[in-house]
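The following paragraphs walk through one protein structure, beginning with a single residue and moving outward to helices and salt bridges.

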Amino acid sequence: MRTRRTHHGSESISPTAHYTGYVWVHNGLAPGYLATTRGKAYYHAMRPGTALGRMLGGPVLEDVLLARHRLIDRLLSTAIESGRVRGVLELAAGLSPRGLEFAHHYGTEITYVETDLPGMAARKYTALRRAGALGPNHRVESLDVLGGHDQEDVTTVLRHFARGRGLAVVSEGLLNYLSAEEVGGLWSRIHAALRPFGEGLYLSDLHVSTDRRGPAEAFGARLLGMFVRSGVHFHFTDSARARAALRATGFDRVTVHHPSDFPGVLTGGPASADRVRVLAAETR
């Protein structure tokens, strides 16, 4: 989760949110005003490790983050351009440029609502407003995906979308910060939320426990774990078990996509490609 709650109930922006935001800016996916000073510092502190990972041919966190983002973008664009999706709800959006990019590119064809915990949502809203980047089809809302006092929930955020026009729900970089029970509950709520919209699509990255095998391999996972004191959870041993669990919540069809499905998505090596999977679950 890009923004997290501490055990005291207060809210802080996760180091991974700062780091990932700067990765997007550094690689030309996001405008500079979405970067943070801390994100830049984390990025440059990790450059020696990133260079070593590439030299050893292991998975590289930066390459994995870029590939999963581009893969989700490609799948979402395909759904919009086919006419199946006219609204997008992004959960735990953090400093992601996706809402800005899609709202600008598709204009009034879509309604885009990106959400996060109050602190991150306020930060994102202020940055976009100051840049004059918000429009009638693009909103930033406060939302706790796990529920919370005085928080919007998924049901109330749905008021921004027209029923029956097709809705996509996106979560990127979220699942591995939740417990297995929390993931199951979230998936059930997302399925229920999508039902009234006719065509429904859920997109999420997926990391499984086998991603930690091998001596150089867990490179990205280990670095991520160093950033996140609450730990990173791997709920499934392989993609098939994740598909089955998602189908069990009621989705009609679940597909696991890889960078090889879309040439040009991945710019890193094969070890990084092996770590990138995106779940696409559909309701009809």
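Alanine 92 is a buried residue, because its relative accessible area is 5%, below the 20% cut-off for buried. The model it belongs to is predicted. Alanine 92 sits in the loop that runs between strand 3 (87-91) and helix 4 (98-106). Its backbone deserves a look: alanine 92 has a positive phi of about 50 degrees, although it is not a glycine. Most residues other than glycine have a negative phi. A positive phi also appears at glycine 28, just after helix 1, where the value is about 80 degrees.

The whole chain gives the setting. The protein chain has 284 residues, and buried residues make up 54% of them. Its secondary structure comes to 10 helices and nine strands. Among contacts between residues at least 6 apart in sequence, 73% join residues at least 24 apart.

Alanine 168, in strand 6 (residues 167-171), is an example of a residue with contacts far along the sequence. Leaving aside residues up to four places away in sequence, alanine 168 touches Leu76, Val85, Gly87, Val88, Leu89 and Leu201. Glycine 200 is 32 residues from alanine 168 in sequence, but their C-alpha atoms are 5.8 Å apart in space. Alanine 168 counts as buried because its relative accessibility is 0%.

Next come the helices at the start of the chain. Helix 1 covers residues 15-26 and helix 2 covers residues 37-56. The 12 residues of helix 1, at 1.5 Å a residue, should span 16 Å, and this agrees with its end C-alpha atoms, which are 16 Å apart. Helix 1 is mostly covered, with 11 of its 12 residues buried. Among the buried residues are Pro15, His18, Tyr19, Tyr22 and Val23.

Two packed helices are described by the angle between their axes and the distance between the axes. For helix 1 and helix 2 the angle is about 80 degrees and the axes are 8 Å apart. The two helices are therefore roughly perpendicular to each other, since angles of 65 to 115 degrees fall in that class. On the helix 1 side, the contact is made by Pro15, His18, Tyr19, Tyr22, Val23 and His26. Helix 2 contributes Arg38, Gly39, Lys40, Tyr42, Tyr43, His44, Met46 and Thr50. Sorted by class, this contact has seven nonpolar, five polar and two charged residues.

Helix 2 also packs against helix 3 (residues 61-81): their axes come within 9 Å and cross at roughly 95 degrees. That angle makes helix 2 roughly perpendicular to helix 3. Here the contact is made by Tyr43, Met46, Thr50 and Arg54 of helix 2 with Leu61, Glu62 and Asp63 of helix 3. Three of the contact residues are nonpolar, one is polar and three are charged. Tyr43, Met46 and Thr50 of helix 2 are listed in the contact with helix 1 and also in the contact with helix 3.

Two of the residues between helix 2 and helix 3 also form a salt bridge: glutamate 62 pairs with arginine 54, and their closest N and O atoms are 3.6 Å apart. Are these two partners buried or exposed? Glutamate 62 counts as buried because its relative accessibility is 5%, whereas arginine 54 is partly exposed, with a relative accessible area of 42%.

The structure holds 13 salt bridges, and two others show how such pairs can link separate elements. Arginine 68 pairs with aspartate 205, with 3.4 Å between the closest N and O atoms. This pair links distant parts of the chain: arginine 68 is in helix 3 and aspartate 205 is in strand 7 (residues 200-205), 137 residues apart. Both arginine 68 and aspartate 205 are buried. They also belong to a network of salt bridges that links Arg68, Asp73, Glu90, Arg98, Glu172 and Asp205.

The other pair is lysine 124 with glutamate 114, whose closest N and O atoms are 2.3 Å apart. Lysine 124 lies in helix 5 (residues 118-130) and glutamate 114 in strand 4 (residues 111-116), so this salt bridge ties together parts that are 10 residues apart in sequence. Lysine 124 and glutamate 114 are both buried.

Notes. Residues numbered from 1 in each chain as written. Predicted model: local features only at pLDDT ≥ 70, side-chain atom pairs only at ≥ 80, totals over all residues. Heavy atoms only, no water. Axes fitted to C-alpha atoms, helices over the stretch in contact; angles between N-to-C directions. Helix = DSSP H or I, 4+ residues; strand = E, 2+ residues; numbered from the N terminus. Parallel < 35°, antiparallel > 145°, perpendicular 65-115°, else oblique. Contact = heavy atoms within 4.5 Å. Nonpolar A, V, L, I, M, F, W, Y, C, P; charged D, E, K, R; others polar. Expected span 1.5 Å × (residues − 1). Buried < 20%, exposed > 50% of the residue type's maximum accessible area, 1.4 Å probe, protein only. Salt bridge = Lys/Arg side-chain N within 4 Å of Asp/Glu carboxyl O.
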